[in-house]
Amino acid sequence: MSLVYLRHATKTDVPAIMAIIDDAKALLKADGSPQWQDGYPDEAAIREDIMAQRSWILMVDDQVAGTAAQVVGDDPNYHEISGDGWANNTDPYATIHRIALSKDFAGQHLSHTFFSNLISQAYQEGVRNFRIDTHRMNQRMQAIATSLGYQFRGIVHVAEPGDNARRAYELNLPR
């Protein structure tokens with residue numbers, strides 16, 4: 001059995017993170033999704049996440065297996081939402097962005113482990129409300145979100161060019 005854990009990313013992790021991001025872009029493209037096909041996320045975005053201490057990596061033994069940014073606080077992209085809307089508009093929330101797993105760890109069901117670790121980290125800091133968004137064609141992320149208990153809340157529009165409509169999901173945990 002492998003040791004699997006979460007840690008903050010550092011500048012030295014950037015090459016491994018970018019390789020994972022590039023693999024995820026190729027997978028999205030193969031799935032027919034336009035998400036992440038315009039250069040985003042790029043190395044500058046990853047470095048900004050690292051500097052802001054919101055970049056996390058999932059480690060399996062001594063290898064970087066996944067990357068994500070978890071932002072605790074207001075996300076301007078979530079101010080306007082169609083559909084049912086957010087169930088919790090009062091408590092602080094954490095949003096998981098730019099999450100991807102290495103193709104070297106495909107089929108190991110690490111996405112659930114990664115999400116659970118990210119949620120646990122924010123929960124430890126008092127966060128009980130979690131949000132995520134993804135493109136309508138990203139069936140993989142939609143399946144992961146719903147399997148973890150996230151509820152579809154509506155459509156938000158992100159600050160990206162092109163098809164910027166995203167399916168928004170929310171998870172509320174008890175205190």
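**Figure 1. A network of charged side chains.** Glu48, Asp49, Arg54 and Arg98 are hooked up in a network of salt bridges. Keep in mind that this is a predicted model. Zoom in on one link of the network: the side chains of Asp49 and Arg54 meet with 2.7 Å from N to O. Are these two residues buried or exposed? Both Asp49 and Arg54 turn out to be buried. Why do such pairs turn up at all? Side chains of opposite charge can pair when their charged atoms come close.

**Figure 2. A salt bridge between Arg7 and Asp13.** Here Asp13 teams up with Arg7, and the closest N and O atoms sit 2.9 Å apart. How do the two partners compare in accessibility? Asp13 has a relative accessibility of 7%, so this residue counts as buried. Arg7 comes in at 25%, so this one counts as partly exposed. The cut-off to remember is that buried means under 20%. If you like hunting for such pairs, a search of the whole structure turns up 11 salt bridges.

**Figure 3. A salt bridge between two strands.** Arg153 and Glu170 form a salt bridge, with 2.8 Å between the closest N and O atoms. Where do the two partners sit? Arg153 is in strand E6 (residues 151-157) and Glu170 is in strand E7 (residues 165-172), so the pair ties together parts that are 17 residues apart in sequence. Both Arg153 and Glu170 are buried.

**Figure 4. Strand E7 and its partners.** Now look at the strands themselves. E6 and E7 pair in the antiparallel sense, over six bridges. Which residue stands opposite Glu170 of E7? That would be Gln151. Strand E5 (residues 129-134) also pairs with E7 in the antiparallel sense, over six bridges. In this pairing, Phe130 stands opposite Leu171 of E7.

**Figure 5. Stepping back to the whole protein.** How many helices and strands are there? The protein has four helices and seven strands, and from the N terminus on they run β-α-α-β-β-β-α-β-α-β-β. The radius of gyration is 15 Å, close to the 16 Å that the globule rule gives for 175 residues, so the protein is as compact as a globular protein of that length. Its C-alpha trace spans about 40 × 40 × 30 Å along the principal axes. Of the 175 residues, 46% are buried. As for the outside, the accessible surface comes to about 8900 Å², and carbon and sulfur atoms own 52% of that.

How values were computed: Residues are numbered from 1 along each chain as its sequence is written. This is a predicted model: local features need pLDDT of at least 70, side-chain atom pairs count only at pLDDT 80 or more; totals for chains, interfaces and linings use all residues. Side-chain values use heavy atoms; hydrogens and water are left out. A salt bridge is a side-chain nitrogen of Lys or Arg within 4 Å of a carboxyl oxygen of Asp or Glu. Buried means under 20% relative accessible area, exposed over 50%, partly exposed in between (1.4 Å probe, protein chains only). Two strands pair if DSSP finds at least two bridges between them. The radius of gyration is taken over C-alpha atoms; the globule rule is 2.2 Å times the number of residues to the power 0.38. Accessible areas come from the Shrake-Rupley method with a 1.4 Å probe; for residues, only the protein chains shown count as cover.
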